[in-house]
Structure formats: structure tokens, C-alpha cells
Amino acid sequence: MRYAPNIPEEELKNRVGKDFFDRFDYQGIKGKIDFAVKPKRSDRESILDDEYYLWAEAKAAATDILIMLTQLILTIGKARTFDAVNPPHFLSCFDREKIAFVPYHDIMDVFSLNDFNWKVAPSNRETKEFKLVHSRISAIINGVNTYTFNFAKDEKELREFIKSNFAAGKESVAKIQINKNNFKRIYDRWVTDVMPTINVIWPAVKKAGILDCDFYLADLLSANNQTIREKLSVLLNSDRYRYNKQMNETGIFSWEADFVDCQKAHKRFWAKYERPPKEEYWDYIIERRDLLVPQDVRERKGAFFTPPQWVAKAHDYLANVFGEDWQDEYYVWDNSAGTGNLLNGLVNKDNLWASTLDKADVDVMHDRIENGANLWKEQVFQFDFLNDEFLPESKGGKLPDGLFEIISVPKKRKKLIFLINPPYGEAGNAKTRARKGSDNEAEHKAGVKESRMSKRFHGVIGGAALNEKYVQFFARICADVPDCKMAAFVTPKYVCGPNMNSFRNFWKAQYLGGFATPATTHDNCSGDYPICLFIWDLARKNKFPAEVPCDIFNANEDYEGVKVFRVPEDKTINDFMRQYKLPKSEISKKNYIGIARCDSPDSQRNSYCWIALNFNTAHSHILYINDKNLIPFTVYFAVRHVIEHTWLNDSDRYFFPKKEWEKDKTFQNDCFAYTLFHNQNKIKSREGTNHWIPFTEEEVGCKKRFKSRFMTDFIAGRKDNADYVLAEPSSLYGNSDEAYCIIAEPLPLYGSFLDVGGLGGGSKPPEPLKFSREASAVFKTGLELWRYYHKQPKANVNASFYDIREHFKGKNDKGRMGGKSTDERYNELIGILREKLKILAKKIEPKVYEYGFLMA
């Protein structure tokens, strides 16, 4: 909940009452107290009528909590309000940003001050009385028993606090319980409120492998400020933290850290929460440390938690491929184990090995072992798979001797399965890399690309592929552990990504099977795309397969058939479009009606394919449009938009089509109609002349002439000043399978564009476009929308489809088109239009596959 910076105090009180105390009585102000909350009468049948939950001071402007509480106490003491009615459970104060609660019994002694002048004005901060009370309550509270909530950031916790503590007859304060559903959210607030007050040099601490979340876990799993799980990397010991292992020998940081504010923020923060959580949550919280690891660190180090349902599914698929006794016959090494959950459920711990980059994760796994995890402690170890040498511990290396023997002996190596969910970090990925020029840009790139493996395979595997961290993992497995098996959770990018050819040429293995899952079912993965488990046998040195089929499971774990991921062909739909580029002479003369952005030819980039009159033409895939390439472009546009983007088709790539599409006029005209009324048609009349009005002035009821009639002339198949027969209005919207658009009286075009004869040029005159029943239905609803718009008092004569939508929906505070309109007739018309477009899209969709734009 956020309140405006200029909100008046009275309005703020009313808003806070309505937003947070609506189920109570907050209207009855007691004396000169700004705000009071008590039970509604129906809740007070058996208790005193004057029971209050809250007395509060309110300020519109952001104000220090102690100042507000001081004024409230002076107001109460001056009126002796506690003599007239029972005092409340809490004293409180709030401004437009925050609200604080203090149990009344913690502060009531202030009202017993001897020789104190309670007659002073409570609002005068310069009096000695104000300063004395301020000093006293500061010493009493000292941050321990003040429950402070930010309206915007802590709304959920605030509501929970009110629900738990505002009950008739309740005396003790109920703290917020910590569980597996809220410990991550509490951590996010801890990072803001507590972390800055810890007296450490964070870059040095993180360099030594300790993250802020390790300090949080030390806090969370503590009682009376003493950490109760001894195997954590960091322990809280009263008023300071201690590093659990004597690692200060690195010389990077001291082995203990206190607080820069004498622990005030720490005490204030944890006063709101019950620590430790119930014991039943301890193992889960420790195991899910990955949720607390920053995104950039997770992507570099692979701290991703594979959901239990997909772990179990992976084990089932391994049993199907390698036999039901696979756990006894094969060794398993998770070389990016995190906290080890990929090995959960496996029973033969003699054959299980887990390594991870972070020593803190090793500590977590060792803690889990002591609490029942089915692993041997000596087979869980710290190892940097992209940098460390394969040397056994007996010779000064990091690999346990037993595992080193397995990877060294060919017969045993063939029985080794890498079961991994490797890091997804990418040096060249704008989503994951640091901002260019920022302090940690070099650190990010060094952490992702400049590993020893990236240098080793540079020149063997192309840079674009080697940017992917998991590719570096795969490359080392392939080169240094030949003949092993691998089962890896990863995106299918290395199968169907266009920049992965060098890796596919390097990778020699036989594909054995796998399955695809929605990324949204995996923690910390945003976006609709697949994460797949692919199983490979590296003992069989096959070329990379052209097709990789796998089973599909939805978010509910239901089987949905088979998906085939394909190695991309050389020529794409963008190559198809390039043959229709306008010559520079046409562009320089501005002989075009729009500019199209034609982004990368895969499904995940379809939302970046649009039409406009003006945008940054530095983008590499730009197409200027006029009558010469309008039909091919609308085919391109419709093909990219008629099939809804889903998690499963995210990686699907659009190809150079077969030539059969050129003879299918119905398909072309369906695509043309679909393009005109699609939301990605972002033509705006304020940016230039709108040539995209698909109706005449008479049809829409416009009293003035359009600046351009290009589109209706194009639909009519008419050149400049050509004579033609006026179509009857009913012909477009009749019940026939084919219909013609309505054409108005002949007028010269705005500009000279109609100099085309068919798709390939020539002298044959163009013909009027004929539209299918489905396309005609789209035109019919579109015409109703245009007519309704031109009835509006401030209608723009040359309005585009975008302009019409913006008129009814307005703009948000960022200047972009708003959400749902308040005009019900518009909502009705646009809703019908969208339904008609969906029907038309379903008609076009089979042709997309038939003509080879997509592979089924």
C-alpha cells in the first residue's frame, strides 16, 4: 500500500483506517489523540465497552518514530486519558510511509515521572519536557519492542500482525511465525533493514565464499541470539557473528563481525518475528538456501534447486534407460550440487558423489548428513569443476580418491552418470550480465566466461556457445571423462540455438531420451520456456542428432505427448523477408507506409515484431513497407503472431517457407486482414501520415477527408485515379464464403505507391483483394469499432487502430496505453474483434506448418 507524498493528514488517517482497520471501529477519536482503534460493538458483548487496541499519533510528512511517540505520550499525559478509560494494548504512530507499534505496558512507567510538567504543548519539540520524554522512551524501547512496518514493503506482515494481536481481551504480543512460505520474503526485508548494519566488508566476505544469506540463516535459526544449528557457515553469538570454520587464515576478513549501530536495527527487526521457526521447517530452510542466493551468483555458480517432482521423474527416466538396478550398477556424480537435492531419494549412498563451488553449500550438505541425509560426508566436497584439476586428495588435489579412480579407470568411467542441473550464467546475456560499465561487469564476465575451461576450449567451440556456463561443463565432461553418461537439466538452447553449431559439432554422443518441463515450475526461473532433462551416452560417438524428441509434462505433472526439438536450418523467415527489402531510393524518397521490426526468428521474440511509423532503425532487422512488399510482409507478420507463445514453443524457430504460399491468395488475404487489426500494429497518426485506415470516410461516418486512402485503394486493387465499380456495402458482410471490401468513389492516392504487378513485380494490374468468411467477420467488427470511435466528440480524423484503442483506454503514469477502458461499448466491440481475430488465427495456423514456416 502506498500513499501520495502530498496526502493531507486527515485523509491519511481515513485511508489507513479503511485499508488496515476496517473490521474495527476506528472512527471514535479519544480526546486529542489523532487515531484510535477499538472492537466494533458486536465484538464487545462480554467485555468492557472502553477497551482499545490502539492509540496513535499521525503525521502526513515522513517523521521520526521516536518524535511521534513522544508527542503522543505528552498528549496522553496532558489529558490523563488513561484515567478516563482503560489504556490500549498498543501505542502507535504512523506517517505516509510507515507505522510503528509499542506495547503500552512497556512504556507506561513514563507517565509516573515525578515533578514533571504535563501542561506543555505536546507538539513543541524544543521544551525540556519533550526532550526528557524523548530520551526516556528511547532508552526504554531501544529498538527491541518496537514493531515497525513499511506500508508499501511490509503490507502482508502488517496485516498478519494486526490479525494476530488485535483481539478482544488479548494481552501478550503475538509475533509473526516464520515458515517455509515466508522465510524468503523475510530475508528480502532483512537485506534492507539488517544487512547494512553488519560491520563487514562485503566484497571481501563474498570473495571468501560467504554470502549475506549465511548471516541471515545464523539469525533465523537462533534462540536468544544464539545460533542453534552448529554446522552453519556463520553463527550468531549474542551481539556478533562468528565464522564457523577458522577461515580467517586467508587474511581477507576477521573471523567475527559486530554491528555498526550497537545492534539496534537487528533487535528492532527480529522483535517482529518468532525465532527460531518450528523445528519441522529447519531442514527445508537449510536445504533451500538457494532461494536466498542472488540471481547473478546462482547463474554463475549453479545454485538452482531442482523441484522434487522433477528429481523423482529424472530418477524414473534413468531407471527406464539404464535398468531398474541402475543405482547399484552405476556411480552418480552431481558436480554442481548446491545443497544436494538432485540426489535426494537415491538409496545407494556408496555410489553417490556431490561437489559444489561454494564451501557454504558443502557445510549445508554436511549438516543435512548429520540430520539424516543419505550421503557419505567424505563423498561431499568443494570443487570448482571449471577450474580445478582432476587430482586425488592423496596427491594434494580436491577429488576424493574413490571418485578419481572411477574417472581414471575406463571400465568404471563407463558406469559414471553425471546427474546435474548446471549453471545457466551467460557472459553475453543482457538478462544475466552486469550493466555495461558498472563496477561488477568485469567480475561477472570473469566469473562466467574467463574460466580455465573457457580458455581451454576457445577456438574449438565458438565464443557465442562458450559464453554459456553449462556448455563449459559439458565440454569438460566430454573431453576429460570420455565414455561416461550424462543427464542434465538445462534449456534446449544447445539443441536448437542458432549460435550453438560449434558446440553441436564438438559434442559426440548418443541421445537416450528425456522430458521437458515448464520453467515456471522451477524456482527462481521466470518466463515461459522449457527446462529439459536430456540423457546422453558419451561412449557412443555419434554426430549431434537433427531431432531430439522428448516427453512433455505440464505444471501438474500430466503427460502431454512428445515435443521434438530440432537443430535449426540455415535459412530462416528473416532471410525470406530480406528478399522483399525496398531499394534505398524508395526509402530516401520516403515512399513507404510504415517500418516493421522483424526480430530474431524464434517464438520467444515474437512480441518484438511490430509495425510503426517511427522507431530506432539501427535495429538490424528493419523492413520498410509499401505496396510492393505489403502482402509478403503481412504474411510474415501473421505467421509470427497467429500461434500463441507458450513455454513449450518458446524455442521454436521460423524457417524460409516453401513456394506454395505464393499461389494461395486466400492465405495471403487472411494474413493481410489479421495484420491490420492486430495489437502489434502500432501505427500512430501523431508520428506521421496514417496509411493504414482500412475503411472509407463514408463507411465510418467521418465528416472530413482522410489524409491518406492508401489502404482502401490497395484493397480495391486500384492504381492512381483508376476507374472501378463501387461495391455494395452488403457484399463484404454477407454470408458468402468470398466477399469484396467496400470501396468509395475514386480519388488520387496520397503519394504514388501502386506500381506493382504481383509479388515479383511486372506490369500486370493488381486485382481487388477477396476475403474469406473469417477475414470478412474481422473487417465487419473493425468497421463497427471505427464507426463508434468517429461518433466521439474529440475523434481524430486520421486515427489509426492504435489511436482508437489509446483514446478509449487512456495512458498510464508512464505515458503508455492504459488498461481496461471504462467505456463498456468499446470493451464490447474490442472483445468481439479479438474473438474474430482468434478464429481467423486458427484458420491461418495450419498453413503456417503446411508451407514450412514452422516444423510440426
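A salt bridge, as I will use the term today, is a side-chain nitrogen of Lys or Arg within 4 Å of a carboxyl oxygen of Asp or Glu. Please keep in mind throughout that what we are looking at is a predicted model, and that the structure holds 43 salt bridges, of which I will go through a few.

Let me begin with Lys412, which forms a salt bridge with Glu405, where the closest N and O atoms are 2.8 Å apart; that distance falls within 4 Å, so the pair meets the definition I have just given. If we ask how open these two residues are, Lys412 turns out to be partly exposed, with a relative accessible area of 28%, and Glu405 is likewise described as partly exposed, with a value of 38%.

The next pair sits in a helix, and here the side chains of Arg476 and Asp480 meet in a salt bridge, at 3.1 Å from N to O. Why is the spacing along the chain of interest for Arg476 and Asp480? Because they are four residues apart in helix α21, which covers residues 469-480, they are separated by about one helical turn. Arg476 counts as buried, because its relative accessibility is 2% and the cut-off for buried is under 20%, whereas Asp480, at 24%, counts as partly exposed.

My third pair is Arg709 and Glu697, whose closest N and O atoms are 2.9 Å apart in a salt bridge. Arg709 lies in the loop between α28 (697-700) and α29 (710-716), while Glu697 belongs to helix α28, so this pair ties together parts that are 12 residues apart in sequence. Are these two residues buried or exposed? Both Arg709 and Glu697 are buried. Elsewhere, salt bridges that share partners join Asp239, Arg240, Arg242 and Glu256 into one network.

Let me turn now to a sheet. Strands of a sheet pair through backbone hydrogen bonds, either parallel or antiparallel. The one I would like you to find is an open sheet of three strands, in the order β23-β22-β24, and its pairing is antiparallel. Because β23 (610-612) and β24 (622-625) stand at the edges with a single partner strand each, one side of each is left without a neighbour in the sheet. From one strand to the next, the twist averages 25°. If you follow β22, residues 594-597, you will see that this strand and β24 pair in the antiparallel sense over four bridges, and that the bridge partner of Gly594 in β24 is Ile625.

The last region is a pocket, the second largest one, with a volume of about 1000 Å³. Among the 43 residues that line this pocket, the closest to its centre are His641, Val642, Ile643, Glu644 and His645. Which element gives the most to the lining of the second largest pocket? That is α33, with nine residues, and β21 (559-566), α26 (630-641) and α33 (824-850) each supply at least two residues. By residue type, the lining divides into 21 nonpolar, 12 polar and 10 charged.

Before I stop, please look at Lys128, which has its place in helix α5, residues 128-141, and which is exposed, with a relative accessible area of 67%. Lys128 and Asn117 are 11 residues apart in sequence, and from C-alpha to C-alpha they are 9.6 Å apart in space.

Notes. Residues numbered from 1 in each chain as written. Predicted model: local features only at pLDDT ≥ 70, side-chain atom pairs only at ≥ 80, totals over all residues. Heavy atoms only, no water. 1 Å grid on protein atoms, 1.4 Å probe; cavity = no way out; pocket = protein on both sides within 12 Å on 5 of 7 lines; lining within 4 Å. Points joined across faces, edges and corners; volume = space filled by probe spheres on them. Nonpolar A, V, L, I, M, F, W, Y, C, P; charged D, E, K, R; others polar. Buried < 20%, exposed > 50% of the residue type's maximum accessible area, 1.4 Å probe, protein only. Pairing = 2+ DSSP bridges. Axes fitted to C-alpha atoms, helices over the stretch in contact; angles between N-to-C directions.
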